[in-house]
Amino acid sequence: MPINTSRFAGKTAVVTGAASGIGAAIALRLISEGARVAGIDIAAEGLKEIASQHGASFLAVPADVTKESDVAEAIAAAAAEFGGIDLAFNVAGASRVGQIVDLDEADWDFTIDLVQKGVFLCTKHEARHIREHGRGGAIVNVSSLNAHVPSPYGSAYATGKAGVEMFSKNAAIELAASKIRVNAVLPGLVDTPLVAPVMNYEPARDMFLSRIPMSRAATPDEIAGPCLYLASDDASYITGTSLVVDGGWEVSNYPDLTTLGN
Ligand SMILES: NC(=O)c1ccc[n+]([C@@H]2O[C@H](COP(=O)([O-])OP(=O)(O)OC[C@H]3O[C@@H](n4cnc5c(N)ncnc54)[C@H](O)[C@@H]3O)[C@@H](O)[C@H]2O)c1
C-alpha cells in the first residue's frame, strides 16, 4: 500500500499499548507518515526497542493506563517533549476470561479497569492537553467487535469494550466544542500476541475463521490504517461513530444457504 509520508507531518500523537500488536502498528505508521509519537505502555522493554529504532520520532513513556497518576504524568511528559498533543490512540488492552459463574471479582476488575477505565483516564488527560493549544485534534479508542457480539468466557471484556464504544460517543459530544473528534474502532480477529492462544491452536483458529467471510485474521496494519483515517483530515466531519473492521464477521451470522444443493 502506498504510504503518504507527509499526511501527519508536524503532528504529535499519544499511542497507548504502543509496545505490541495494533498499538505498535499505529505508532510505526504515524511515524512513517510524519508524526512524532509518544508510546505509552506497561511493557517498558518493548517501548525501548521501538525508541532505539526511531530516534526523536518516538518517545517511550512507560506507564500503567489503569493508574491516573501514571496517565497524567505520561501525557504531560509527552506534551512537554513535543510542545503539545494533537492526536491520541487508546489501544492498551488485555483480558482475563472465565465463565460468569466462576469468574473472580479480581479478574472482572482487572479487565474492566484496563479496557474501560484506562480509556476514560487516557481520554481525560489527552483531551485536556489537546484543548490547551486550541487547534483541536482527534482521539481514536480501540474497542472490539465484542462490543456488539458477545463471547463466551469473555463477559468482562465484552462489557468493557461495549463501554468503550458508548464512552467514545459521550466524549465526542462533550469535546466537540473544543474541536476534538472522538471515534471508536471495533476490530474483529487480529493476528497479535493477544490472540496467540487462538491463532496457534488449529481447532480454535478454524472455528474463528469459519465465522469470518474473508476467512482470515486482520494484520495489525489493517487496523492501524482505519485508525489513522479517523484521525486524519479526511475524517474531519466524523465524530461519535464506530468503525467495525472485521472482515465481514459481524454480518455473517446467517447460515450460508448457498452451500445447499438445489
Ligand atoms: N487482537 C485482536 O484480535 C483484537 C480484537 C479486537 C480488539 N482488540 C483490542 O486491540 C487492543 C490492542 O490489542 P493487541 O491485539 O494489539 O494486543 P497486544 O497484547 O499485542 O498489545 C496490547 C498492549 O497493551 C499493553 N498493556 C496491557 N496492559 C496495560 C496497562 N495496564 N497499561 C499500559 N499498557 C498496557 C501491553 O503491554 C501490550 O503492549 C486491545 O485493546 C484489544 O482489546 C484486539
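Tutor: Let's begin with a term. A crossing of two helices is right-handed if the near helix is turned clockwise from the far one by less than a right angle, and left-handed if it is turned anticlockwise. Please keep in mind that the model in front of you is predicted.

Student: Thanks! Which handedness does the crossing of α3 and α4 have?

Tutor: In this model, α3 passes α4 in a right-handed crossing. Several residues make the contact: Glu68, Val71, Ala72, Ile75, Ala76 and Ala79 come from α3, while Leu121, Cys122, Lys124, His125, Glu126 and His129 come from α4. Sorted by class, this contact of α3 with α4 has seven nonpolar, two polar and three charged residues.

Student: And how do I read the angle between two helices? At what angle do the axes of α3 and α4 cross?

Tutor: You compare the angle with a cut-off: under 35 degrees counts as roughly parallel. The axes of α3 and α4 cross at roughly 30° and come within 9 Å of each other. The two helices are therefore roughly parallel to each other.

Student: Let me try another pair. How do α4 and α5 pack?

Tutor: Helix α4 covers residues 105–133 and helix α5 covers residues 155–175; they pack at an angle of about 15°, and their axes are 8 Å apart. That angle makes α4 roughly parallel to α5. Their crossing is right-handed. On the α4 side, the contact is made by Trp108, Thr111, Ile112, Val115, Gln116, Val119, Phe120, Thr123 and Ala127, and the α5 residues in the contact include Tyr157, Val164, Phe167 and Leu175. By class, the contact of α4 with α5 has twelve nonpolar, seven polar and one charged residues.

Student: What about α1 and α8: at what angle do they cross?

Tutor: The axes of α1 and α8 cross at roughly 60° and come within 8 Å. This angle makes α1 oblique to α8. Again we can ask about the hand: α1 and α8 have a right-handed crossing. Gly21, Ile22, Ala25, Ile26, Arg29 and Leu30 of α1 meet α8 residues, among them Pro220, Ile223, Ala224 and Leu228. The classes in the contact of α1 with α8 are nine nonpolar, two polar and two charged residues.

Student: Those contacts hold many nonpolar residues. What tends to happen to nonpolar side chains in soluble globular proteins?

Tutor: In soluble globular proteins, nonpolar side chains tend to be buried together. In this model, the largest nonpolar core has 32 residues, and Val15, Ile26, Leu30 and Phe89 have the most contacts inside it. At least two residues of this core come from each of β1 (12–16), α1 (21–32), α2 (44–54), β4 (87–90), β5 (137–142) and α8 (220–231). The element giving the most to this core is α1, with seven residues. Another core lies apart from it; this one has 26 residues, including Val71, Ala79, Ala127 and Ala172.

Student: Which residues does Val15 touch?

Tutor: Leaving out residues up to four places away in sequence, Val15 touches Gly23, Ile26, Ala27, Leu30, Val37, Ala38, Gly39, Ile40, Phe89 and Val91.

Student: Now a single residue. Is Ala88 buried or exposed?

Tutor: Look at the relative accessible area, where under 20% means buried. Ala88 is buried because its relative accessible area is 1%. You will find Ala88 in strand β4. Apart from neighbours within four places in sequence, Ala88 is in contact with Val14, Glu126, Ala138, Ile139 and Val140.

Student: And Glu73: buried or exposed?

Tutor: Glu73 counts as exposed, at 63% relative accessibility. Glu73 lies in helix α3, residues 68–82. The C-alpha atoms of Glu73 and His125 are separated by 9.3 Å, although these residues are 52 residues apart along the chain.

Student: One last feature: the backbone angle phi. What is phi of Tyr153?

Tutor: Phi of Tyr153 is near 75°, a positive value in a residue other than glycine. Tyr153 sits in the loop between β5 and α5. With 48% relative accessibility, Tyr153 counts as partly exposed. Lys179 is not a glycine and has a positive phi too, of about 60°. The place of Lys179 is the loop between α5 and β6 (180–187). Lys179 is exposed, with a relative accessible area of 52%.

Key: Residues are numbered from 1 along each chain as its sequence is written. This is a predicted model: local features need pLDDT of at least 70, side-chain atom pairs count only at pLDDT 80 or more; totals for chains, interfaces and linings use all residues. Side-chain values use heavy atoms; hydrogens and water are left out. Axes are lines fitted to C-alpha atoms, for helices over the stretch in contact, and angles run from 0 to 180 degrees between N-to-C directions. Helices (H or I, at least four residues) and strands (E, at least two) are DSSP runs, numbered from the N terminus. Angles under 35 degrees count as roughly parallel, over 145 as roughly antiparallel, 65 to 115 as roughly perpendicular and the rest as oblique. Contact means heavy atoms within 4.5 Å. Ala, Val, Leu, Ile, Met, Phe, Trp, Tyr, Cys and Pro count as nonpolar, Asp, Glu, Lys and Arg as charged, and the others, Gly among them, as polar. A nonpolar core is a set of buried Ala, Val, Leu, Ile, Met, Phe, Trp, Tyr and Cys residues joined through side-chain atoms within 4.5 Å. Buried means under 20% relative accessible area, exposed over 50%, partly exposed in between (1.4 Å probe, protein chains only).
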